[in-house]
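Student: Could we go through this chain step by step, with the reasoning spelled out before each result?

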Amino acid sequence: MIWLALTGPLHAGACTGAIESLQREVDARIEQEAGSGRTAPESTAAMRHRQPTPGSILQAEVALGEGGAAAAARAALARARSADQAGDPGGCEDAVAQARRILRGS
């Protein structure tokens, strides 16, 4: 029984570390853009004292016409996760590289 419980968390793909590292960069970029850009009215969720997530902040940024690079990098990371879980290291590495290029503006 214990073996079955451990099999899920032990499965990590070839580029899981790169994905996690880059995810921190994407989250930091979202925070930075949110702090420096335009503002919008407080959402209903915020009024209910719910903490924002990087995803909800990004949605608000995109609605303001900002955060495009972070959204594109986040989508590339989603593709990287899918490839990593599917055992496709080449696809994962390509998607991680794309996310890096997007974040660094090249």
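Student: What percentage of the 106 residues of the chain count as buried?
Tutor: The model is a predicted one, and the burial figure is computed from it over the chain. A residue is taken as buried when its relative accessible area is under 20%. By that cut-off, the share of the 106 residues that count as buried is 25%.

Student: How many helices and how many strands make up the secondary structure of the chain?
Tutor: Read along the sequence, the pattern is α-α-α-α-α-α. The secondary structure therefore comes, under the DSSP-run rule, to a count that can be stated directly. It is six helices and zero strands.

Student: Among contacts between residues at least 6 apart in sequence, what percentage join residues at least 24 apart?
Tutor: One example of a pair with such a separation is alanine 69 and isoleucine 102, which lie 33 residues apart in sequence but 6.0 Å apart in space, C-alpha to C-alpha. Alanine 69, placed in helix H5, is in contact with Ile102 and with Arg29 once neighbours within four places are left aside. Over the chain, the share asked for is 73%.

Student: Which element gives the largest share of the largest nonpolar core?
Tutor: That core holds 16 residues, and the members touching the most other members are Ile19, Cys92 and Val96. Two or more residues come from each of helix H2 (16-36), helix H5 (68-85) and helix H6 (89-104). The largest share, at six residues, comes from H5.

Student: Why can the buried residues of H5 be said to line one face of the helix, and within what arc do they fall?
Tutor: The buried residues in H5 are Ala70, Ala73, Ala76, Leu77, Ala80, Ala83 and Asp84. An α-helix has 3.6 residues a turn, so residues three or four places apart point the same way. Seen down the axis of H5, the buried residues line one face because they fall within an arc of 135 degrees.

Student: How far apart are the end C-alpha atoms of H5, and what span should its 18 residues have?
Tutor: The expected figure rests on a rise of 1.5 Å a residue, which for the 18 residues of H5 should give a span of 26 Å. Just after H5, glycine 87 takes a positive phi of about 75 degrees. The end C-alpha atoms of H5 agree with the expected span, being apart by 26 Å.

Student: Aspartate 84 is buried yet has no salt bridge, so how far away is the nearest side chain of opposite charge?
Tutor: Aspartate 84 sits in helix H5, and beyond its neighbours within four places it is in contact with Gly13, Ala14, Cys15, Thr16, Ile19 and Cys92. Isoleucine 19 in turn touches Asp84 as well as Arg81, among other residues. A salt bridge needs a nitrogen within 4 Å of a carboxyl oxygen, so a pair beyond that cut-off is not counted. For aspartate 84 the nearest side chain of opposite charge is arginine 81, at 7.8 Å.

Student: Which residue forms a salt bridge with glutamate 25?
Tutor: The count for the model comes to one salt bridge, its closest N and O atoms being 2.9 Å apart. The pair links distant parts of the chain, helix H2 and helix H6, with the two positions 79 residues apart in sequence. Glutamate 25 is partly exposed because its relative accessibility is 32%, and its partner is also partly exposed, at 49%. That partner is arginine 104.

Note on methods:
Residues numbered from 1 in each chain as written. Predicted model: local features only at pLDDT ≥ 70, side-chain atom pairs only at ≥ 80, totals over all residues. Heavy atoms only, no water. Core = buried A, V, L, I, M, F, W, Y, C linked by side-chain atoms within 4.5 Å. Buried < 20%, exposed > 50% of the residue type's maximum accessible area, 1.4 Å probe, protein only. Helix = DSSP H or I, 4+ residues; strand = E, 2+ residues; numbered from the N terminus. Contact = heavy atoms within 4.5 Å. Lys, Arg positive; Asp, Glu negative; His and termini not counted. Expected span 1.5 Å × (residues − 1). Arc of directions from axis to C-beta.
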